[in-house]
Amino acid sequence: MNQKPPLPPPYGNGGGPSSSSSSSNTTIGTLSARAKQTTQSVIATLRPWRMLLDLSALALPHSYNEAMANLRHNISYFRANYALAVLGIVFLGLVYHPISMVAFIVVFIGWILFYFSRDGNDPIVVSGREVDDRIVLGVLSVVTVLALVYTDVGENVLVSLVVGLLFVGAHAAVRNTGDLFLDEESARQGGIVSAGSVNRGPGSYTPI
């Protein structure tokens with residue numbers, strides 16, 4: 001009695017196209033979730049723009065130490081706003097270079113997804129192997145340099161970046177901080193208070 005040959009296993013169980021498609025969908029889903037989380041985190045840290053642009057809060061500092069104190073405090077308080085302002089100035093420098101602007105956006109998204117939005121418990125895995133953060137940093141740096149070189153706008157980006165940083169530094173130095181109140185984490189990150197002083201109770205912060 002002739003027996004029918006066994007049917008081949010479905011692709012999903014044999015590591016075929018279904019498995020590859022599932023892996024790709026998982027990767028895309030992870031990147032989408034990470035991009036959404038990063039966007040929400042940036043939006044959550046934004047301060048009201050009317051506070052940043054309040055002209056009545058601008059005044060020349062009386063001393064170098066006061067200017068540096070304002071600088072640290074304002075950068076800690078408005079860090080997300082300042083970052084967007086610098087990026088906006090860089091984009092303006094690329095207005096007449098649409099291809100370069102697209103390349104810059106792609107590179108920027110790459111930095112966000114593969115470096116800045118990840119933590120120590122979220123490694124990049126390629127072919128079942130974890131990729132060291134130093135390799136990720138090196139690859140992103142090389143891609144960034146190549147994008148700037150081959151789009152021939154490296155000088156534009158550098159000038160725009162310098163202009164943006166000078167604008168941020170000048171504004172942060174002359175913006176009064178009397179109406180700005182930092183939480184404990186922001187104060188520590190900005191060097192406003194020492195890390196050990198937070199544990200001594202309210203009102204015991206030690207300025208640095």
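How far apart do the end C-alpha atoms of residues 134-150 lie, and how much of that span is helix and how much strand? Hi everyone, let me start there. The end C-alpha atoms of this span lie 24 Å apart, and the span is 100% helix and 0% strand. Please keep in mind that we are looking at a predicted model.

Why pick that stretch? According to the UniProt record, an unreviewed entry, the annotation "transmembrane region" covers residues 82-114, 134-150 and 157-174. For residues 157-174, the end C-alpha atoms are 26 Å apart, and the chain there is again 100% helix and 0% strand.

Now let me step back to the whole protein. The secondary structure consists of 9 helices and 2 strands. Reading from the N terminus, the order is α-α-α-α-α-α-β-β-α-α-α. The protein has 208 residues, and 25% of them are buried. About 14300 Å² of the protein is exposed, with carbon and sulfur atoms supplying 65% of that area. If you like contact maps, here is one for you: take the contacts with a separation of 6 or more, and 68% of them join residues 24 or more positions apart.

Next, a helix pair. In general, two packed helices are described by the angle between their axes and the distance between the axes. Our pair is α5, residues 79-92, and α8, residues 154-174; their axes come within 8 Å and cross at roughly 145°. The crossing is right-handed. On the α5 side, the contact is made by Tyr-82, Val-86, Ile-89 and Val-90. On the α8 side there is a longer list, including Val-157, Leu-161, Gly-164, Phe-167 and His-171. What is the make-up of this contact in nonpolar, polar and charged residues? There are 11 nonpolar residues, 3 polar ones and no charged ones.

Let me zoom in on Tyr-82, which sits in helix α5. Is Tyr-82 buried or exposed? Its relative accessible area is 4%, under the 20% cut-off, so Tyr-82 is buried. Leaving aside residues up to four places away in sequence, Tyr-82 touches Leu-52, Asn-74, Ile-75, Val-168, His-171 and Ala-172. Of these, Val-168, His-171 and Ala-172 also appear in the contact that α8 makes with α5. The C-alpha atom of Tyr-82 is separated by 10.0 Å from that of Arg-47, 35 residues apart along the chain.

Two more residues before I finish. His-73 belongs to helix α4, residues 64-77. Its relative accessibility is 14%, so His-73 counts as buried. Along the chain, His-73 and Asn-176 are 103 residues apart, yet their C-alpha atoms are separated by 9.4 Å.

Asp-54, on the other hand, is found in the loop between α3, residues 49-52, and α4. Why does Asp-54 count as partly exposed? Because its relative accessibility is 27%, and partly exposed lies between the 20% and 50% cut-offs. The partner to look at here is Arg-175: the two are 121 residues apart along the chain, with C-alpha atoms separated by 8.8 Å.

That's my tour, thanks for listening!

Note on methods
Residues are numbered from 1 along each chain as its sequence is written. This is a predicted model: local features need pLDDT of at least 70, side-chain atom pairs count only at pLDDT 80 or more; totals for chains, interfaces and linings use all residues. Side-chain values use heavy atoms; hydrogens and water are left out. Axes are lines fitted to C-alpha atoms, for helices over the stretch in contact, and angles run from 0 to 180 degrees between N-to-C directions. Helices (H or I, at least four residues) and strands (E, at least two) are DSSP runs, numbered from the N terminus. A crossing is left-handed if the near helix is turned anticlockwise from the far one by less than a right angle, and right-handed if clockwise. Contact means heavy atoms within 4.5 Å. Ala, Val, Leu, Ile, Met, Phe, Trp, Tyr, Cys and Pro count as nonpolar, Asp, Glu, Lys and Arg as charged, and the others, Gly among them, as polar. UniProt positions are given in the numbering used here, feature names are shortened, and annotations may be inferred rather than shown by experiment. Buried means under 20% relative accessible area, exposed over 50%, partly exposed in between (1.4 Å probe, protein chains only). Accessible areas come from the Shrake-Rupley method with a 1.4 Å probe; for residues, only the protein chains shown count as cover.
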